[in-house]
Amino acid sequence: YSLFTSLGYPDIAAQYCGFAVKPYLNNHDYSKAKEYMETYESMSGFFDEQGNIESSREAYYDLKAKYYASTGRKDSAYYYYRKELNDGSDFNNQNMAAKGLAQLFLQDGMFDSATVYALYSYDMNDSLYDRMTTRDVANTQGLYDYTRHQKIAQEEKERNEHLRNMIILLLSSMSLIIYFAMQAWWYFTSRSEERRVGKECRS
């Protein structure tokens, strides 16, 4: 934060404040958490005029809801958990928001609502597990494909190397044949010339 502020980038400096909120919440230092939340919201550039964070960053609502729940402002905590549930479309947001709402309803003795959201969170965990399993299978398949393609590439490289060696051997052999042929031609030509000159001398 200090580095980017000193370099004249207050928006980027503020964006890093978002990473400090969770540790302060975990350490129950709510005044520091609030300080970083206010800087993050007012200067990061991630929020519109109504205080809505930009798409794909809705997990921040979970932190804000936890802050309000921990400081005794449950109405605001309910609001931000529901906002995360409605605005955050990915599985992590849905799961975190449902879990947070279930805990709040449980604290307030609203067991039916707590059960509804707890079951929803359970379903989200199942979905996450299924997605992770599918991803792991895809990664394994991808690793197999990569290994297979790597083996094919190695075999192709070896074939190309063998072909290259064969071509070099063939060219070398042809060069030797041409060399010896030229030597033989020169030898016989020289002998023929010598015999012709010898005949002329005898004549």
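Biologist: Which residues of helix 5 are buried?

Modeller: Buried means under 20% relative accessible area, exposed over 50%, and partly exposed in between, with a 1.4 Å probe and protein chains only. In helix 5 the buried residues are S76, A77, Y78, Y80, Y81, K83, E84 and L85. This is a predicted model, in which local features need pLDDT of at least 70, side-chain atom pairs count only at pLDDT 80 or more, and totals for chains, interfaces and linings use all residues. Residues are numbered from 1 along each chain as its sequence is written, and side-chain values use heavy atoms, with hydrogens and water left out.

Biologist: What span does helix 5 reach from its first C-alpha to its last?

Modeller: Helices are DSSP runs (H or I, at least four residues) numbered from the N terminus, and the expected span is 1.5 Å times one less than the number of residues. Helix 5 (residues 74-87), with 14 residues, reaches 19 Å, close to the 20 Å expected.

Biologist: Where do the buried residues of helix 3 lie around the axis?

Modeller: An α-helix has 3.6 residues a turn, so residues three or four places apart point the same way. In helix 3, the buried residues are A33, M37, T39 and Y40. They lie on the same side of helix 3 because they cover an arc of only 165 degrees, taken from the directions from the helix axis to the C-beta atoms. S31 and S42, on the other side of helix 3, are exposed.

Biologist: Which helices do the buried residues of helix 3 pack against?

Modeller: With contact meaning heavy atoms within 4.5 Å, they pack against helix 2 (10-26) and helix 4 (59-70).

Notes:
Helices (H or I, at least four residues) and strands (E, at least two) are DSSP runs, numbered from the N terminus.
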